[in-house]
Amino acid sequence: MDTTVTDRGKVIDINRIIQMIPHRYPFLMVDRVIDVVANESAVGIKNVTINEPFFQGHFPSRPVFPGVLIVEAMAQTAAVLVVETLGPSAEGKLVYFMSVDTCRFRKPVGPGDQLMIHVFKERSRANVWKFRAEAKVAGTLVAEATYAAMILDE
């Protein structure tokens, strides 16, 4: 199953995500994207597991999903939204951070958590897009940020 459509929006599975954005293991931070509404919003899902390589050192006695990777998951979810909005011509293009603003981390995320990354497009002009995102675990806000990205050919 590549994609399905529900009454809340499109669902994009991992096979389709890999076609849409250039990230790969161990840096692919999104397992599925749901509730995709082109040019508006999407929800990325990251299933956090203990066997991810960064947990060996962050931190061995109390594994914590690095905040910078939460922000990366926000960016990757936004990249999927951009490709879904722009269509096949945008597949595989690189999305570069331009700024990360008002980023706040509210609670730690650890193994066994399912991170739900709610991304909202605020505006776009040419190849520059601005987003607002909230990351939640079990409905509790764990991180939020606004950020801008530029979409470029390789």
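A residue counts as buried when its relative accessible area is under 20%. Keep that cut-off in mind for these exercises, which explore a predicted model.

**Exercise 1. Decide whether Phe-65 and Phe-54 are buried or exposed.**

Step 1. Take Phe-65 to begin with: its relative accessible area is 2%. The cut-off is under 20%, so Phe-65 is buried.

Step 2. Now turn to Phe-54, with a relative accessible area of 17%. This value also falls under 20%, so Phe-54 is buried too.

**Exercise 2. Work out how the rings of Phe-54 and Phe-65 are arranged, and what their pair ties together.**

Step 1. Begin with the count for the model, which comes to 5 aromatic pairs. One of them is formed by Phe-54 and Phe-65, with 5.4 Å from centre to centre and 75 degrees between the planes.

Step 2. Planes over 60 degrees apart count as edge-to-face, and the pair of Phe-54 and Phe-65 is edge-to-face.

Step 3. Find both residues in the chain: Phe-54 and Phe-65 each lie in the loop between strand E4 (41-47) and helix H2 (67-86). The pair therefore ties together parts that are 11 residues apart in sequence.

**Exercise 3. Classify the pair of Trp-129 and Phe-131, then place both residues on their strand.**

Step 1. The ring centres of Trp-129 and Phe-131 are 6.2 Å apart, with 10 degrees between the planes. Planes under 30 degrees apart count as stacked, and this pair is stacked.

Step 2. Look at the strand they sit on, E7 (residues 128-137). Trp-129 and Phe-131 belong to its covered face, together with Ala-133, Ala-135 and Val-137. The uncovered face holds Val-128, Lys-130, Arg-132, Glu-134 and Lys-136.

Step 3. Check the burial: both Trp-129 and Phe-131 are buried.

Step 4. Widen the view to the aromatic cluster, where Trp-129 and Phe-131 are joined by Phe-97 and Tyr-147.

**Exercise 4. Describe how E7 pairs with strands E6 and E8.**

Step 1. Strand E6 (residues 114-125) runs antiparallel to E7, and 10 bridges join the two. Within this pairing, Phe-131 in E7 is the bridge partner of Lys-121.

Step 2. E6 and E7 form a hairpin with 2 residues between them. In the turn, Ala-126 has a positive phi of about 55 degrees.

Step 3. With strand E8 (residues 140-152), E7 pairs over 10 bridges in the antiparallel sense. Here Ala-135 stands opposite Ala-143 in E8.

Step 4. The hairpin of E7 and E8 has 2 residues between the strands, and Ala-138 takes a positive phi near 50 degrees.

**Exercise 5. Find the volume of the largest pocket and sort its lining by class.**

Step 1. The volume of the largest pocket is about 170 Å³.

Step 2. Its lining includes Ile-14, Tyr-25, Lys-46, Asn-51 and Phe-54. You met Phe-54 earlier as a buried residue.

Step 3. Sorted by class, the lining has 7 nonpolar, 2 polar and 3 charged residues.

**Exercise 6. Locate His-23 and name the side chain it contacts.**

Step 1. Look in the loop between helix H1 (14-20) and strand E3 (32-37), where His-23 is found.

Step 2. His-23 has 19% relative accessibility, so it counts as buried.

Step 3. The side chain of His-23 is joined to that of Glu-72 by a polar contact of 3.4 Å.

How values were computed:
Residues numbered from 1 in each chain as written. Predicted model: local features only at pLDDT ≥ 70, side-chain atom pairs only at ≥ 80, totals over all residues. Heavy atoms only, no water. Phe/Tyr/Trp six-rings, centres within 6.5 Å; stacked < 30°, edge-to-face > 60°. Helix = DSSP H or I, 4+ residues; strand = E, 2+ residues; numbered from the N terminus. Buried < 20%, exposed > 50% of the residue type's maximum accessible area, 1.4 Å probe, protein only. Pairing = 2+ DSSP bridges. 1 Å grid on protein atoms, 1.4 Å probe; cavity = no way out; pocket = protein on both sides within 12 Å on 5 of 7 lines; lining within 4 Å. Points joined across faces, edges and corners; volume = space filled by probe spheres on them. Nonpolar A, V, L, I, M, F, W, Y, C, P; charged D, E, K, R; others polar. Polar contact = N/O pair within 3.5 Å; in protein donor to acceptor, adjacent residues only side chain to side chain.
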